[in-house]
Amino acid sequence: MVSEPDVCPRALSLAVHELRTPITVASGYLRMLLREQAGPITDKQRKMLEEADRSCARIGALVAEMSELGKLEAGELTVPSVPFDLAALIAELASGMHEGEDRGVRLDVHAAGSVMVAGDRARLAAALRALMHAALRERSEPGVIVVECSTRPDTHQTWAIVTIGDETVTPSLADAAQATPPVFDEWRGGLGLALPVGRRVVEAHGGALWSAAGDTPRAGSALRLPLAP
């Protein structure tokens with residue numbers, strides 16, 4: 001799939017600025033109503049207000065993603081270089097993900113020992129969480145999504161490789177680590193801007209993100225990051 005053109009940082013910055021104030025005002029009034037500061041409310045009214053408050057929170061989260069995406073596009077975010085164990089982070093994230101369990105879909109983590117990388121642990125965690133969430137969300141039938149963390153050398157350096165998908169395709173995903181340029185469908189509905197932000201975070205760390213060429217999103221995705229010195 002051909003990648004979409006990069007978004008305009010100035011347009012995103014303007015949209016974030018224009019959206020933040022009305023969302024903050026609407027959320028504030030909803031919370032006041034829920035606390036009954038304007039008078040008692042019925043159970044039916046409370047349920048309606050709680051749903052409106054959740055919707056405001058989702059819009060607020062999307063605006064935050066727009067802000068992050070705009071800063072990444074403009075090169076305004078400084079990426080720290082803090083060593084951490086990527087394999088341990090993946091296990092931690094997977095243990096807290098339960099989407100798909102009602103459909104018989106689960107995550108299975110494969111990692112051989114520690115895999116040390118350096119960077120912004122929080123932002124890379126958000127990118128990995130988005131990829132796992134997408135894999136669980138896009139699989140409709142029961143089964144296992146395998147998340148594998150390994151290392152792989154090339155002629156220049158050794159990479160940390162993370163593959164996420166059906167166990168039948170994860171080896172081919174790892175083999176595609178040398179693909180130039182990597183192909184990744186980041187504009188998938190229902191996932192907000194988590195995948196576009198995630199791709200740019202990975203690339204800001206000197207890595208890359210890709211999907212199995214020619215296959216559906218269900219085939220999975222993978223990323224590579226430089227190992228810590």
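Is R199 buried or exposed? In this predicted model, R199 is buried, with a relative accessible area of 15%. The paragraphs below place that residue in its setting, beginning with the overall fold and ending with the confidence of the prediction.

The protein comprises six helices and seven strands. Read from the N terminus, these elements follow the order α-α-β-α-β-β-α-β-β-α-α-β-β. Of the 229 residues, 39% count as buried. Among contacts between residues at least 6 apart in sequence, 71% join residues at least 24 apart. The protein exposes about 12400 Å², and carbon and sulfur atoms supply 56% of that area.

The charged side chains form eleven salt bridges in the structure. R199 takes part in one of them, with E203 as its partner and the closest N and O atoms 2.8 Å apart. Both residues belong to helix α6, and because they lie four residues apart there, about one helical turn separates them. The two partners can be set side by side in terms of accessibility: R199 is buried at 15%, whereas E203 counts as partly exposed at 38% relative accessibility.

The neighbouring arginine provides a second case. R200 and E73 meet through their side chains in a salt bridge, with an N to O distance of 2.3 Å. This pair links distant parts of the chain, since R200 lies in helix α6 (residues 194-204) and E73 in helix α2 (residues 43-74), 127 residues apart. R200 is buried, with a relative accessible area of 6%, while E73 is partly exposed, its relative accessible area being 21%. The dividing value for the buried class is 20%, so E73, at 21%, is assigned to the partly exposed class.

These interactions also belong to a wider arrangement. A network of salt bridges links E73, E186, R199, R200 and E203. A further salt bridge joins R58 to E51, where the closest N and O atoms are 3.6 Å apart. E51 is partly exposed, with a relative accessible area of 36%.

Cysteines call for separate consideration. A search of the whole structure finds zero disulfides. Two cysteines may be described by their accessibility: C56 counts as buried at 13%, and C149 is buried as well, with a relative accessible area of 3%.

Turning to the surface, V25, Y29 and M32 make a nonpolar patch of about 280 Å². Y29 is placed in helix α1 (residues 9-34). At 52% relative accessibility, Y29 counts as exposed; the cut-off for that class is 50%, so Y29 lies above it.

The last matter is the confidence of the prediction. The protein averages a pLDDT of 85, and 89% of the residues score at least 70. Among the elements, confidence is highest in strand β1 (residues 82-85), at a mean of 96, and lowest in helix α5 (residues 170-175), at 73. Over residues 1-5, pLDDT stays under 50, and the model has four contacts beyond four places in sequence for that stretch. Where pLDDT is low, predicted coordinates should not be read in detail.

Conventions: Residues numbered from 1 in each chain as written. Predicted model: local features only at pLDDT ≥ 70, side-chain atom pairs only at ≥ 80, totals over all residues. Heavy atoms only, no water. Disulfide = S-S within 2.5 Å. Buried < 20%, exposed > 50% of the residue type's maximum accessible area, 1.4 Å probe, protein only. Salt bridge = Lys/Arg side-chain N within 4 Å of Asp/Glu carboxyl O. Helix = DSSP H or I, 4+ residues; strand = E, 2+ residues; numbered from the N terminus. Contact = heavy atoms within 4.5 Å. Areas by Shrake-Rupley, 256 points an atom, 1.4 Å probe, with all protein chains shown as cover. Patch = residues over 30% accessible without salt bridge, like charges linked within 9 Å, V, L, I, M, F, W, Y side chains within 5 Å. pLDDT = per-residue confidence, 0-100.
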